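Visitor: I'd like a close look at a single part of this one, please, with its neighbourhood worked through slowly. Pick a stretch where strands and helices come together and take your time.

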Amino acid sequence: MIALSNSSPISRLGLPIHGAANPGITPGVTTPGSFALKNDVGGPLMFASPDTPGMPAPSSKTAWDFLPEGWSVAQLPPLDTSAPRHLDTSSKPCTNCVGDKNVVVFATAKGEVLRLIYPGNFKPITQLESARLGIVTPQMKRVAEREPHFDTLFPGQGAVAVRDEIAAGRLVIPANINHLQHKLDPMAIGRASKTKVNANMGASPVSSGTDEEVEKLKWAEKWGADTVMDLSTGGDLDACRDAILRNSTVPIGTVPIYSMIIGKKIEDLDWPTIESSLHHQAKQGVDYFTIHAGVRRAHLKYVKNRLIGIVSRGGSLLAKWMLVHNQENIMYTRWEEICDILRQYDVTFSIGDGLRPGGLADATDDAQLAELETLGELTERAWRKGVQVMIEGPGHVPFDQIEYNAKIQRTLCHGAPFYVLGPLVTDMFPGYDHITSCIGATSMAYHGAAMLCYVTPKEHLGLPKKDDVKQGCIAYKIAAHAADIALGIPGTRDRDDELTKARAALNWEKHFELSFDPDTARAYHDEDLDVDTDFCAMCGHDWCSVRISKEIQEFASGKADGFERMGGADGDKPGAPKKSAALTAEQQEILAKRGVLSPDEIHKLASKTKKALNVHVGEKATCHSDYVDPDAAKSLIEQKAGREVLVPLDVRPALGIAKEDRVV
Ligand code: SF4
């Protein structure tokens, strides 16, 4: 027998605490906080996992190292606390004319003082350009309002911290100046902010249309999508995109090459078509473009031995274009001109990973890494043009390779936000790829990804329908939220802690109110027991450990102030059971979709049996449970099974429910 020690196991065993904040503010909780690194918002690590040995270090460069020609930045000595405030007020930069150049001096949220020299006639358009000039835009203020942890880390300076991350290229606000005229509510993507989720949708040549896509957009927003990509390849692409942009509160992304080649062969793609399509979509208000400029001719040799070649639509189309024309990727050679178009509307790049792996066996191979190096180069070139950048990532990656994938991107792309599709950690569960991929997505976000592109149960199989969109969104909200808690982002665990208190108090109403999908939670609970009481149908009264813990007076469990369940007929008796309200139509539909039979269906089945057994109207068949002796039924089952069979415990007496009551 092991002798018990008086010291606490945590102090004796030592936990790998690296200084990250506790993600929850509930006082006195027993867990000591996150095992992630101490936050470095304003620095290269932002919120980060500790490196497994062998991982590449973050880049020492940022977007400040890739300013346009004629610009320069210098760090001045730290501000004296008695220094004039105007140097500390970035929204009103102190600007002086120096010949044909302007000079602006401003303090960052961390207190560093920067002096920027830039051309005298320059007018900022993009969020990146404003940030470089020390300007805090209304969109940056809105982001700080939506993500209060910036203010927690830099009291009174949340929006300034957002601006600093944008200036460093580690955060983007995809907000096309034309989409801001509609309903867009600005948000940010970057590892200093909370993990975001993108939902893909779009009509295909064989399924869906504009109305259905707008409905899916609203549905995706309801289920927490932070951005939506319209990947339509069929129907009226232009009308569909326009309708989505007018109706969305979230940023909209597209892959413009799809509309460039509708009705043509990829071989016919030329610069005038690219130029006019980009202008057209940017004018419509698209917030970010996926452009597969990183697939280069020299990379194609690495694809030859892959199990599944190129799985990105844009990547495969451009590979074919290069082979037909025997030329370098036109998106790569025209990159600076493309940047100029995006800058005019502040469209953000989501630089596409055309060579992403399409199966575990192709992950982290030469093709993928060669392209990633080019994505780093394209990032530097876009920053020099003042355009905001995020980088797309894989795809299908074995679990052990995920950290490396996130960290090599951070090195090669200097901390530009990483936007990953999944990744799936196994390939053999079609129909369940929202699960296989949300496992990979959680890990990828913990190790550095800033936005997760959802995968629905229809992935690899067909175009997602409404419920697939919901399932995909929820799987990815779980992944994103789990990563944020693990990274120690202040405040991210607060709602979990509140829900735990409600659960401990067996306060069902509060439990459901705090849950992400209250309708499903309520419907599942009431399916078995439509009474809110001190247990649920999972274990029953006698076996309910939560109820037993709540009863132990020395435990705090279930005793948090304001969480006691009120019951009784008038809902004012502490702890009394309460019959829950009837399920709403939506909640009933949730149960119906699970395959639970409606009373009508049960009667239909019963009438079939009656017919087969020749039972007259108003009578019950001889096999009806009313006529069956329980002991005889039990011995019959045992005879059939050839062994003793456990039968479900009848919990009705414990509930004080009459024997004939069919609630349980
Ligand atoms: S009955 Fe079981 S599942 Fe239900 S609340 Fe109690 S412990 Fe939890």
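Guide: One convention before anything else: helices here are DSSP runs of H or I with at least four residues, strands are E runs of at least two, and both are numbered from the N terminus. Keep in mind, too, that you're looking at a predicted model. The chain has 664 residues, of which 42% count as buried, and its secondary structure comes to 24 helices and 18 strands. Long-range contacts are well represented: of those between residues at least 6 apart in sequence, 69% join residues at least 24 apart.

The part I'd pick is strand 13, together with what leads into it and out of it. Let's walk up to it from the N-terminal side, starting in the loop between strand 11 and helix 13, where Thr364 is found. Thr364 isn't a glycine, yet its phi is positive, at about 55°. This residue counts as partly exposed because it has 18 C-beta neighbours inside 10 Å, and the buried class asks for 20 or more.

Next comes helix 13, residues 366–384. Its 19 residues reach 28 Å from the first C-alpha to the last, close to the 27 Å expected at 1.5 Å a residue. Plenty of this helix is tucked away: Ala367, Gln368, Glu371, Leu372, Thr374, Leu375, Gly376, Leu378, Thr379, Ala382 and Trp383 are its buried residues. When you look at the spacing in that list, remember that an α-helix has 3.6 residues a turn, so residues three or four places apart point the same way. As for partners, the buried residues of helix 13 pack against helix 12 (335–345), strand 11 (348–351), strand 12 and helix 14.

Stop at Glu371 for a moment, since this is a charged residue on that buried list. Glu371 counts as buried because 24 C-beta neighbours lie inside 10 Å. Leaving out residues up to four places away in sequence, Glu371 touches Gly294, Val295 and His299, and also Asp353, Gly354 and Leu355. His292 belongs in the picture as well: 79 residues separate it from Glu371 in sequence, but C-alpha to C-alpha the two are 9.8 Å apart. Past the end of the helix, Gly386 comes just after it and takes a positive phi of about 80°.

Now for the strands. Strand 12 covers residues 389–393 and pairs with strand 13 in the parallel sense over 3 bridges. If you want a register mark, Gly393 stands opposite Val420 in strand 13. The connection between these two strands goes through helix 14 (residues 402–412), and strand 12, helix 14 and strand 13 make a right-handed β-α-β unit. In the loop between strand 12 and helix 14 you'll find Gly395, which is joined to Pro394 by a cis peptide bond with omega about -5°.

That brings us to strand 13 itself, residues 418–421. In a regular strand the side chains alternate between the two faces of the sheet. Here both faces are covered: Phe418 and Val420 on one side are buried, and so are Tyr419 and Leu421 on the other.

Leaving strand 13, the chain enters the loop towards helix 15, and Pro423 is found there. A cis peptide bond joins Gly422 to Pro423, with omega about 5°. So each of the two loops I've mentioned here has a residue in a cis bond: Gly395 on the way to helix 14 and Pro423 on the way to helix 15.

The arrangement then comes round again. Strand 13, helix 15 (residues 433–447) and strand 14 make a right-handed β-α-β unit. Strand 14 covers residues 451–453 and pairs with strand 13 in the parallel sense over 3 bridges. The register mark on this side is Tyr419, which stands opposite Met451 in strand 14.

Put together, strand 13 has parallel pairing with strand 12 and with strand 14, and takes part in a right-handed β-α-β unit with each of them. Helix 13, meanwhile, packs its buried residues against elements that include strand 12 and helix 14.

Conventions: Residues are numbered from 1 along each chain as its sequence is written. This is a predicted model: local features need pLDDT of at least 70, side-chain atom pairs count only at pLDDT 80 or more; totals for chains, interfaces and linings use all residues. A residue is buried if 20 or more other C-beta atoms lie within 10 Å of its own, exposed if 12 or fewer, and partly exposed in between; C-beta atoms are placed from the backbone. Two strands pair if DSSP finds at least two bridges between them. A crossover is right-handed if, with the strands pointing away from the viewer, the path from the first strand over the helix to the second runs clockwise. Two residues are in contact if their C-beta atoms, placed from the backbone, lie within 7 Å. The expected span of a helix is 1.5 Å times one less than its number of residues.
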